[in-house]
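Morning, everyone. Please bring up the sequence and the structure, and keep both in view while I talk.

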Amino acid sequence: MSSGSNNGSAKNSAGLIVSFGEMLIDFVPTVSGVSLAEAPGFLKAPGGAPANVAIAVARLGGKAAFIGKLGDDEFGHMLGGILKQNGVTGEGLTFDTGARTALAFVTLRSDGEREFMFYRNPSADMLLTPEELNLDLIRSAKVFHYGSISLIVEPCRSAHLKAMEEAKKAGALLSYDPNLRLPLWPSAKEAREQIMSIWDKAEIIKVSDNELEFITGSDKIDDAAAMSLWHPNLKLLLVTLGDKGCRYYTKNFRGAVDAFRVDTVDTTGAGDSFVGALLCKLVNDHSVIENEAKLREVLKFANACGAITTTKKGAIPALPTEADALNLINQKKA
């Protein structure tokens, strides 16, 4: 879908996916497998999981909006521009004149996994207040997606809870990817408690294998560990397993879908790409969750999107189009 196709506006609410939370600049080393101190230079990459999801949706031809706060600085306006260029509605954006846009230095280890060092003390995203929320935009969402970083401090935590409540009252499907970033939390105990404090509200939850271990306190990544996180309001629980694909759990069935083999360069944004693809495919057809054959096809598509995202540095530049994903799926069939 061309970047101007949504024209940065969400006047028509059909199928709108609203993503809430942080958007920031990732600084990624120009070479893999080095520490931050050893890196000869850094590539500036827009990031932040909820923003990545919004752009993933738009890149796939879906209708996306982002709600969050940026600094009234060059990086903040650059990020606002990137949302617009990618067809994501910016009606939910606010800018803070007193705080900077968040920065993160991301180390790519030799296996493509990441380590983070954050500059947020405080950053603009942490200062979003409930009064600054665009409630009309939130109420027009068919799916409302969020993470847990926005729960760490006030006033953003209250804004998050208010946005979630308004979306739910308006009939949106609530989607949650905790997106654990331990260095941002005061302690592991606080992270676990706050992540779980809104657990029973979401109807779709996606966790990584590492997050499953962290939340359950178990070193087992199996069906019993996953089902210990089930709650009565939940419709779909997903556990992503990196290059081993994903597992899915619903009220009536469960199973696994294999990953696609690709040459991984950088895993940044792979989970966000997966989530964006999933939400795109079920925003207009919730019956996907009740039909195992349909769900498996959607998860195969989501796995393809996640895999493609790992083949380039940085999240947003690597997010695929629908044609890219179908091409990978068809290649593997051949």
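I will go through the sheet, then one of its strands, then a helix, and then the salt bridges.

One caveat before I start. This is a predicted model.

Start with the sheet. Nine strands make it up, and it is open. Read the order across as β5-β4-β1-β8-β9-β10-β11-β12-β13. The pairing is mixed. Which strands stand at the edges? They are β5, residues 88–96, and β13, residues 254–257. Each has a single partner strand, so one side of each is left without a neighbour in the sheet. On average, neighbouring strands here are turned by 15° against each other, direction ignored.

Let me pick out one pairing. β11 covers residues 236–240, and β12 covers residues 246–249. The two run antiparallel, and four bridges join them. If you want one pair to click on, take V239, whose bridge partner in β12 is R247.

Now add a helix. α8, residues 270–282, packs on the sheet. The strands α8 touches are β1, β8, β9, β10, β11 and β12. The direction of α8 makes about 160° with that of β10.

Next, β1. Is this strand enclosed or open to the outside? Five of the five residues of β1 are buried, so the strand is largely enclosed by the rest of the structure. Look at the side chains. In a regular strand they alternate between the two faces of the sheet. Here L16, V18 and F20 point one way from β1. I17 and S19 point the other way. All of them are buried.

β1 has a neighbour on each side in the strand order, β4 and β8. Five bridges join β1 to β4, residues 63–71, and the two run parallel. Four bridges join β1 to β8, again running parallel. S19 is a handy marker for both pairings. Its bridge partner in β4 is F66. In β8, the bridge partner of S19 is H145.

On to helix α4, residues 156–169. α4 has 14 residues. From first C-alpha to last, α4 reaches 20 Å, close to the 20 Å expected at 1.5 Å a residue. Which residues of α4 are buried? They are C156, A159, H160, A163, M164, E166 and A167. These cover an arc of only 165° around the axis, which puts them on the same side of α4. What covers them includes β1, α3, β8 and β9. After α4 comes G171, whose phi is positive, near 95°.

Stay with E166 for a moment. E166 is a glutamate, and its relative accessibility is 5%. The cut-off for buried is under 20%, so E166 counts as buried. Leaving out residues up to four places away in sequence, E166 touches L135, I138 and R139.

That takes us to the salt bridges. How many does the structure hold? There are 16. I will show three.

The first involves E166 again. K169 forms a salt bridge with E166, with the closest N and O atoms 3.5 Å apart. The two are three residues apart in helix α4, so about one helical turn separates them. Their surroundings differ in accessibility. K169 counts as exposed, at 60% relative accessibility, whereas E166 is buried, at 5%. There is also a network here: salt bridges link R139, K162, E166 and K169.

The second is E132 with K69. Their closest N and O atoms are 3.0 Å apart. This pair links distant parts of the chain, 63 residues apart. E132 sits in the loop between β7 and α3, while K69 is in strand β4. E132 counts as partly exposed, at 29% relative accessibility. K69 is buried, with a relative accessible area of 6%.

The third is D177 with K206. Their side chains meet at 3.3 Å, N to O. D177 lies in the loop between β9 and α5, and K206 in strand β10, so the pair ties together parts that are 29 residues apart in sequence. Are these two buried or exposed? Both D177 and K206 are buried.

To recap briefly. The sheet is open, with nine strands and mixed pairing. β1 is largely enclosed, because five of its five residues are buried. And E166, buried in α4, belongs to a salt-bridge network with R139, K162 and K169. Thanks.

Key: Residues numbered from 1 in each chain as written. Predicted model: local features only at pLDDT ≥ 70, side-chain atom pairs only at ≥ 80, totals over all residues. Heavy atoms only, no water. Pairing = 2+ DSSP bridges. Axes fitted to C-alpha atoms, helices over the stretch in contact; angles between N-to-C directions. Contact = heavy atoms within 4.5 Å. Buried < 20%, exposed > 50% of the residue type's maximum accessible area, 1.4 Å probe, protein only. Salt bridge = Lys/Arg side-chain N within 4 Å of Asp/Glu carboxyl O. Expected span 1.5 Å × (residues − 1). Arc of directions from axis to C-beta.
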